[in-house]
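Me: Please pick one part of this model and walk me through it closely. I work at the bench, so plain words and the cut-offs behind them would help.

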Amino acid sequence: MVCLYRDNAKMTHHIPVLQDDMVNAVMTDPDGTYLDATFGRGGHARALLRQLSPKATLLVLDRDPDAYRVAIDLSREDSRVHPRRGVFSEINSILSSNRCVGLSGLMMDIGVSSPQLDDPARGFSFMRSGPLDMRMDPESGESAASWLNRVDLADLIKVLRELGDEKNARSIAKSIVNERPLSTTAELVSAINSAGSRRDPRKHSATRVFQAVRMHVNDELVELKRGIEAGFHRLADGGRIGVLTFHSIEHSVVRQKFRSLVRPELPRRLPVRGTSLGRATYVVKAKRPDAAETNKNPRSRGALLQVVERIE
Ligand SMILES: C[S@@+](CC[C@H](N)C(=O)[O-])C[C@H]1O[C@@H](n2cnc3c(N)ncnc32)[C@H](O)[C@@H]1O
């Protein structure tokens, strides 16, 4: 989800999570075509480029306008880089319009980046107040404020439970509804606190609610599923997809998707021979950062890397 870097001007400090594990696992052909579907500030992309030959191609995708600008800058320095602005669910059309036949590898590093999280103007932060936005692409979709100010109580409770695993979903949702209209992140924090729910001492009271609202506003689980489906089917034989996730809800979406690719459920009594079903094998089933990495980069805590390879 989160990578540690500061975004003065373009990029100063950056610690991509499980960088070598991700890059080593998806690198299958130094001359190949790759997609980094979550460019961010390009930490994983740059590490991959260092392992690729001058003949390779690296498409990089992000829905965030600031990330896209950094990708454009990188493409001016390195002609192997081809930036695209869009979302995972557009991977098929993006690859088709670039006439990409088979990907050698695909990286997805899910969630928000530190520049998004740390800039109060983007509305992801419960530490510093800003407009209640939370869109990774502020030019499309509905802001968090707009959704929170119109959603009905039952739907809000469902989102807080399903996407935030929030045990106090009902009381927090009631408090949000009572305190509407909300327009800043501080007002949302205040509504959460006035629910007076029992606190988890290891987490800020707003962590789970902000996660749930952000995931809803950006349709993150649907995007994740569509991205894996589209990406996997665009892999060449032997190509690999690596997905880095940061909390249990995302981990299990990827685990289930990968399991269904490794052991697809075939329709009963249908002849299997001759079908073109993509099949996968595990390359990395579950890799977590070690203590050295989590000490150096506390935001890597909770990260999980899963990688599969396409086999015919
Ligand atoms: C955790 S950051 C990636 C950081 C990157 N790996 C690096 O090393 O700098 C995730 C990035 O993915 C982007 N993103 C998240 N969901 C997306 C989606 N569905 N489509 C396109 N980009 C997405 C976010 O805007 C963010 O910039």
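What follows is a close look at the open sheet, and then at the parts that go with it.

Reply: Happy to. Before we start, this is a predicted model: local features need pLDDT of at least 70, side-chain atom pairs count only at pLDDT 80 or more, and totals for chains, interfaces and linings use all residues. Residue numbers start from 1 along each chain, as its sequence is written.

Let's begin with the sheet. It is open and has 7 strands, ordered S5-S4-S3-S6-S7-S9-S8, with mixed pairing. Strands (E, at least two residues) and helices (H or I, at least four residues) are DSSP runs, numbered from the N terminus. Two strands pair if DSSP finds at least two bridges between them. At the edges are strand S5 (81-85) and strand S8 (279-287), each pairing on one side only. On average, neighbouring strands of the sheet are turned by 15 degrees against each other, direction ignored. The axes behind such angles are lines fitted to C-alpha atoms, for helices over the stretch in contact, and angles run from 0 to 180 degrees between N-to-C directions.

Now zoom in on the S5-S4-S3 end. S3 and S4 run parallel and are joined by 4 bridges, while 5 bridges join S4 to S5, also parallel. Valine 60 of S4 is a good residue to click on: valine 60 is the bridge partner of aspartate 36, and valine 60 also stands opposite proline 83 in S5.

Which way do the residues of S3 point? Thr33 and Leu35 point one way from strand S3 (residues 33-36), Tyr34 and Asp36 the other way. In a regular strand the side chains alternate between the two faces of the sheet. The four S3 residues are all buried, where buried is 20 or more other C-beta atoms within 10 Å of the residue's own, exposed is 12 or fewer, and partly exposed is in between, with C-beta atoms placed from the backbone.

Two helices lie across parts of this sheet. Helix H3 (residues 65-77) lies across S4 and S5 and runs at about 160 degrees to S5. Helix H12 (residues 248-262) lies across strand S7 (235-245), S8 and strand S9 (304-311), at about 20 degrees to S9. Between H3 and S5 is a loop that holds serine 79. Serine 79 counts as exposed because it has 9 C-beta neighbours inside 10 Å. From serine 79 to valine 151 is 72 residues in sequence and 46 Å in space, C-alpha to C-alpha.

S4 also takes part in the surroundings of the ligand. The ligand is surrounded by 21 residues, and the closest are Pro16, Thr38, Gly40, Gly43 and Glu223; a residue is counted here if its C-beta atom, placed from the backbone, lies within 6 Å of the molecule. Helix H2 (43-51) and strand S4 (57-62) are the elements that give two or more residues to this shell. By type, the shell divides into 8 nonpolar, 7 polar and 6 charged residues. Here Ala, Val, Leu, Ile, Met, Phe, Trp, Tyr, Cys and Pro count as nonpolar, Asp, Glu, Lys and Arg as charged, and the others, Gly among them, as polar.

One backbone detail is worth finding too. Leucine 18 is in the loop between strand S2 (13-15) and helix H1 (19-26), and its phi is near 45 degrees, a positive value in a residue other than glycine. Leucine 18 is buried, since 22 other C-beta atoms lie within 10 Å.

Finally, step back to the whole protein. The domain assignment, which is automatic or from a database, gives domain 1 (4-114 + 223-311) and domain 2 (137-217). Taken over C-alpha atoms, the centres of the two domains are 30 Å apart. Where they meet, 5 residues of domain 1 are in contact with 5 residues of domain 2, contact being C-beta atoms, placed from the backbone, within 7 Å. On the domain 1 side, the touching residues are 3 nonpolar, no polar and 2 charged.

For something beyond the sheet, try helix H10 (residues 207-217): 10 of its 11 residues are buried, including Phe210 and Met215. Among the elements covering them are helix H7 (153-164) and helix H11 (220-233). Just after H10, aspartate 219 takes a positive phi of about 50 degrees.
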